[in-house]
Amino acid sequence: MPSRPLLCCMALGLTLIAGAACASDLDDCNAEVPIPAPAARPAAEAYWLDARTVQWPGLKLQGGDRVRLYHARAAGLKAPAGDRVTGADGAVELVLATAALPARFRFIGEGPRFAIAGGADAAALLREQLMLVHEAADGRVIGATGLQLPGALDDLYAAAERVTDFGAHPAKAQTRFAVWAPTAQRVLLCRHAGPESPAVAVDAMRLDAAIGVWRAELPGDLSGQSYRYLVDVVTPTHGRVRNLVTDPYSVALTADSRLSVVADLAAPALKPRGWDASPRPTRVRLATDQVIYELHVRDFSVSDTTVRPEWRGKYLAFTQGESNGMKHLKALSKAGLTDVHLLPVFDLASVPERGCMTPTVPDAPADGEAQQAAVMAVAAGDCFNWGYDPWHFNAPEGSYATDPLKRVVEFRRMVMALHGAGLRVGMDMVYNHMSAAGQARKSVLDRLVPGYYQRLNAKGEIERSTCCDNTATEHRMMAKLMIDSAALWVRDYKIDSMRFDLMGHQPREAMERLQKRVNAEAGRPVQLLGEGWNFGEVGNGARFVQASQLSLNGSGIGSFSDRGRDAARGGSAGEGGDDSVRNQGWLNGLVYAPNALSNAKPEELLAAADMIRVGLAGSLRGYELTTWRGETKRLDAILYGGDQPAGFASEPGEVVNYVENHDNQTLFDVNTLKLPLATSRADRARVQMLGAAVVAFSQGIAYFHAGQDILRSKSMDRNSYDSGDWFNRLDWSYKSNHFGTGLPPRQDNFGKDGRDWALARERLTDGAISPGPAEIAWARDVFRDLLQIRASTPLLRLSSAAEIKKRLSFPGSGPSQNPVLVATRIDGKGLPGAGFKAVMTLINVAPTAQTLNLPEEASAVWRLHPAQRHSQAADRRVAREAKAVRGVFDVPARSAAVFVLD
């Protein structure tokens, strides 16, 4: 937005910090947020280390050279090499400093450090354009750079962390507004009487200079009114601008997040009937009690014809208790499921909240290209996205509401319905990046405090290792926003647990503070887990101690384990071409059932079986396993991936076991690639359930993907984040798993020279692969039996590493093992509520029956678990053929059997 209104106010002689609004300001309140002009991105290679010290990495000074800090309120600085600086309002003298480099800046390059001389006002300087200039003795410019501001802002405004009233707070006497914008020259409050009405008032806000917070108090309760902030601020890319910005602490929004809405989440009008008194499920006492089902709100009901049409794909679909989808969730809850984890449900940027499109997908062959072409033609404006593109962290997504203005009430109704079904509600939290930054139209944080909330590289450019514009939760106020946001969801929406996307990009220290805060808000433990992947500019602790797999041990925060996942599935995330077939896993034929491209060696199967054992033991650092080589090693001394310890957790609550989630291909689709093509439908269903058994029998937290239990397919799509409803459907009528409904979208599935599509074609057209209703129903029921088994005894979800070391063993492991048959024995002696004296789990992945001979068990009377031996047990093969007689355990082909000592 041009700076004309700002200049108007200056001409009138109004103060820029607390001056009255100009008449033209109201016009700017009603403007549309413009598409920004092309960015000029001068380098910002210098760093504020604190409020008085800067460092310029890489700078080389010669005798007589000097460095000065120039500033310009109107942001007109120019410093051409060989000439003199122009456009400055002044310059600050600098002196060489000898203070040590703060630990938080250990990642920056070597270079001279300078202290600001004299009584220069750092806070005032930070509201202007700043440039460090390397000058010769005669004042000619040798070099110049911008500065990265967070070090100074975190130092100057540390007290802002203690502010508790950001956002809008209506009350009977007055409504208060507060926003942190310490570098802004002026902030105005634009107010709208209603969600669609033009601005009716513009109010000057006053700056609390000690904490960088702009405030306004207006008479009366303004609930329901809409607002934005009009911010005059200097940016690193567009000079001084006037930005029209929504509130980063918005709790409600108009359609498509155009305006923030004044709302009190404690107001009766925003609560469904019975909300305050509605209880949360109490079935999870310990982190390891969690059995999680990862589900997308729209996937859940958009294709469910038993849901009323206007509720399909919406929050309210969960309130229709007799729909097929809710019957499915209730059955899972009865079997032992504890949590539904929802993919992002905060306000997201990728789905229109009004007027989203639904493609017309043609009836085309199983390997047709027409389906994906139709879907992708409207993908940018359709009604579907995974939602990993946060816009406003503290408000529910409006596209899942029947009306965006009803998002708060309808979200709460969904939570009540799931709680009523005995299911806790978890959220996918995405604080590691924003959907947009800089001056982009959907940028919020970076248009309020440019250069602060995003993580920058050595040139001052925004890092994008997460996929998008990375945030910097190592900065005080970004960490505060994350922690305040998480607390709001727990307090005001009764969220029970949280999954953090790319959690390894956040500091462990910030996550531990978040854990403490949400526990306090809930008055009970709120289980946290996340993706502890270690990569990018923060990798290996480059900037801080990360909340990553290898750094979280001892925190109690769970991290997804790729150890058992990769061993079970084969290969790794991101593989393509022939490797996606060749690299079989323990579940789908490695060595014992080779496919046409496999060239695996027997020792690879032995190593995979041991890695499955690592997962079954909770990936605990200190657990000892006798490996196939005959060596007894702690799990953190066994290598995974060539350079990482296989055991990374200190306690079982710190590991999340899974073989499928929303990322990458579903397990069914991966098995379609890796199993021999001639594998029968029935055996494909069996292999799928063996994957579920690995998770159900593993110590730690059990995590399943929605539809995994009904053989879910995405027609081989490896990245369905924007693939529309078509490739993400769930069928709660159990008639189809949607395999063979067209080639997956070309952009992520074509592969080098089209090889991935060619492999997909070969399989999608094979009518013998796609399961029928009988196989789907069989898998559904076997999965529920597995949940019942896990729920029946704490022996499968032990609470501590000490208990696991004491009770868990692996009969038949070591150098003489049969690697297709993995067994665990868990001793129940002395454990309150164990239910059994001991439990023996056996998973046979081979296409033939296998036997485990354990002479030491010859005198014990082992019986099949009640869930597998009763007349309604789903797996009749196990019920008939699984035996334990005088220490000899027989397990039928591709089966999981559980025996117990009563």
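The following paragraphs lead through selected residues, secondary-structure elements and internal spaces of a predicted model.

Residues are numbered from 1 along each chain as its sequence is written, and the side-chain values use heavy atoms, with hydrogens and water left out. Because the model is predicted, local features need pLDDT of at least 70 and side-chain atom pairs count only at pLDDT 80 or more, whereas totals for chains, interfaces and linings use all residues.

Arg66 belongs to strand E3, residues 66–72; strands (E, at least two residues) and helices (H or I, at least four) are DSSP runs, numbered from the N terminus. With a relative accessibility of 33%, Arg66 counts as partly exposed, a class that lies between buried (under 20% relative accessible area) and exposed (over 50%), computed with a 1.4 Å probe on protein chains only. Residues up to four places away in sequence aside, Arg66 touches Val133, His134, Glu135, Ala136 and Gly139, where contact means heavy atoms within 4.5 Å. With one of these residues, Glu135, the side chain of Arg66 makes a side-chain polar contact of 2.7 Å. A polar contact is a pair of N or O atoms within 3.5 Å; within protein, one must be able to donate a hydrogen and the other to accept it, and residues adjacent in sequence count only if both atoms are side-chain atoms. Between Arg66 and Ser399, 333 residues apart in sequence, the C-alpha to C-alpha distance is 56 Å.

The second largest pocket has a volume of about 720 Å³. Its lining comprises 37 residues, and those closest to its centre are Pro42, Gln129, Thr235, Pro236 and Thr237. Two or more lining residues come from each of strand E6 (129–135), strand E7 (141–145), strand E8 (147–148) and strand E15 (226–235). By class, the lining divides into 19 nonpolar, 13 polar and 5 charged residues. Here Ala, Val, Leu, Ile, Met, Phe, Trp, Tyr, Cys and Pro count as nonpolar, Asp, Glu, Lys and Arg as charged, and the others, Gly among them, as polar. On a 1 Å grid over the protein atoms alone, a pocket is an open set of points with protein on both sides within 12 Å along at least five of seven lines, a cavity is a set where a 1.4 Å probe fits but cannot get out, and lining residues have an atom within 4 Å of a point. Grid points are joined across faces, edges and corners, and a volume is the space filled by probe spheres set on the points.

Two loop residues come next. Ala210, in the loop between strand E13 (206–208) and strand E14 (213–219), is exposed, with a relative accessible area of 54%. Leaving aside neighbours within four places in sequence, Ala210 is in contact with Leu156 and Tyr157; Tyr157 is 53 residues away in sequence, and its C-alpha lies 6.8 Å from that of Ala210. Ser250 lies in the loop between strand E16 (239–245) and strand E17 (260–261) and, at 1% relative accessibility, counts as buried. A polar atom of the Ser250 side chain lies 2.5 Å from the backbone oxygen of Asp247, and a polar contact of 2.6 Å joins the side chains of Ser250 and Ser260.

Helix H12 spans residues 562–569, and 8 of its 8 residues are buried, so this helix is largely enclosed by the rest of the structure. The buried residues of H12 pack against strand E27 (558–560), helix H14 (602–616), strand E30 (639–640), strand E31 (644–645) and helix H15 (667–674). At the N-terminal end of H12, Ser561 acts as a cap, with a side-chain oxygen 3.3 Å from the backbone nitrogen of Arg563. After H12 comes Gly570, whose phi is positive, near 95 degrees.

A search of the whole structure finds 7 cavities of 30 Å³ or more, and the largest has a volume of about 130 Å³. Of the 17 residues that line the largest cavity, Val782, Leu786, Gln868, Asp875 and Ala896 lie nearest its centre. Helix H19 gives the largest share of this lining, 5 residues. The lining of the largest cavity divides into 11 nonpolar, 2 polar and 4 charged residues.

Strand E37 (residues 850–853) has a covered face, Gln850 and Leu852, and an uncovered face, Thr851 and Asn853. E37 runs antiparallel to strand E40 (residues 888–891), to which 4 bridges join it; two strands pair if DSSP finds at least two bridges between them. Thr851 has Asp890 as its bridge partner in E40.
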